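Dear colleague,

I am handing over the structure to you with this email, and below it I have written down what was found. Please keep the structure open beside the text as you read.

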Amino acid sequence: MLPSKTSTVGAIKLGKILGSGGNATVYKGIHSVDGSEVAIKILHPSSSTTSPNIEREFFQEIQSAAALNHPRITDIYDYGTLEGDSDNNPEASPSHWLTME
């Protein structure tokens with residue numbers, strides 16, 4: 001699911017698109033509780049069908065970044081899975097996401 005501009009993912013309200021590539025889109029996000037700004041990366045639902053290893057690679061990216069502690073490497077705050085698509089079609093492929101500073 002690629003959310004609309006007014007959507008939320010978990011506690012994050014999505015803002016403008018910061019960038020988009022072949023497998024994911026990165027949005028500016030605002031945490032609804034503390035107002036902090038984050039970036040939220042959402043895999044395109046079609047990525048898992050066009051690139052079978054993308055989910056494994058995405059979770060490896062999360063694990064690798066979470067294991068590092070350096071001022072020039074972003075922190076991973078949260079991650080999860082969105083079910084369905086923008087029309088709330090439960091048959092659609094899930095989409096994975098992560099939030100980072």
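**Gly 15 and its surroundings**

Gly 15 has a relative accessible area of 27%, so this residue counts as partly exposed. Before going further, please bear in mind that this is a predicted model. Gly 15 has its place in strand E2, which covers residues 12-20. If neighbours within four places in sequence are left aside, the residues in contact with Gly 15 are Tyr 27, Lys 28 and Gly 29. You may also wish to look at Ile 30, which is 15 residues away from Gly 15 along the chain, while the C-alpha atoms of the two are separated by 7.4 Å.

**The chain and its sheet**

The secondary structure of the protein chain comes to two helices and six strands, and when you follow the elements from the N terminus on, they run β-β-β-β-α-α-β-β. Six strands make up an open sheet with antiparallel pairing, in the order E1-E2-E3-E4-E6-E5. The edge strands of this sheet are E1 (8-9) and E5 (76-82), each of which pairs on one side only. As a reminder, strands of a sheet pair through backbone hydrogen bonds, and they can do this in either a parallel or an antiparallel way.

One pairing that is worth tracing by eye is that of strand E3 (residues 24-31) with strand E4 (residues 37-43), since these two run antiparallel and are joined by seven bridges. Within E4, Ile 42 is the residue that stands opposite Thr 25.

Helix H2, which is formed by residues 54-67, lies across E4, E5 and strand E6 (95-100), and it runs at about 15° to E6.

**What is buried**

Of the 101 residues of the protein chain, 33% count as buried. The largest nonpolar core has 10 residues in all, namely Ala 24, Ala 39, Leu 43, Ile 54, Phe 58, Ile 62, Ala 65, Ile 76, Leu 98 and Met 100. The elements that give two or more residues to this core are E4, H2 and E6, and H2 gives the most, with four residues. Apart from this core lies another one, of seven residues, which includes Leu 14, Ile 40, Ile 42 and Leu 82.

Ala 39, one of the residues of the largest core, touches Leu 18, Val 26, Tyr 27, Leu 98, Thr 99 and Met 100, when residues up to four places away in sequence are not counted.

A buried residue can also make a polar contact, and Ser 95 in strand E6 is a case to look at. Ser 95 is buried because its relative accessible area is 1%, and its side chain reaches the backbone oxygen of Leu 43 at 2.2 Å.

**The aromatic rings**

A pair of aromatic rings is described by the distance of the centres and the angle of the planes. The count of aromatic pairs in this model comes to two. In one of them, the rings of Phe 58 and Phe 59 have their centres 5.9 Å apart and their planes at 80°, and as this angle is over 60 degrees, the pair is edge-to-face. Are these two rings buried or partly exposed? Phe 58 counts as buried, at 2% relative accessibility, whereas Phe 59 counts as partly exposed, at 29%.

Phe 59 also forms an aromatic pair with Tyr 79, and this pair is edge-to-face as well, with 6.2 Å from centre to centre and 75° between the planes. The pair links distant parts of the chain, given that Phe 59 is in helix H2 and Tyr 79 is in strand E5, 20 residues apart. Tyr 79 is partly exposed, with a relative accessible area of 46%. Taken together, Phe 58, Phe 59 and Tyr 79 form one aromatic cluster.

**A loop residue and the contacts overall**

In the loop between H2 and E5 you will find His 70, which is partly exposed, with a relative accessible area of 40%. The side chain of His 70 reaches the backbone nitrogen of Arg 72 at 3.0 Å.

Finally, among the contacts in the protein chain between residues at least 6 apart in sequence, 42% join residues that are at least 24 apart.

With kind regards

Note on methods: Residues numbered from 1 in each chain as written. Predicted model: local features only at pLDDT ≥ 70, side-chain atom pairs only at ≥ 80, totals over all residues. Heavy atoms only, no water. Pairing = 2+ DSSP bridges. Contact = heavy atoms within 4.5 Å. Axes fitted to C-alpha atoms, helices over the stretch in contact; angles between N-to-C directions. Buried < 20%, exposed > 50% of the residue type's maximum accessible area, 1.4 Å probe, protein only. Polar contact = N/O pair within 3.5 Å; in protein donor to acceptor, adjacent residues only side chain to side chain. Core = buried A, V, L, I, M, F, W, Y, C linked by side-chain atoms within 4.5 Å. Phe/Tyr/Trp six-rings, centres within 6.5 Å; stacked < 30°, edge-to-face > 60°.
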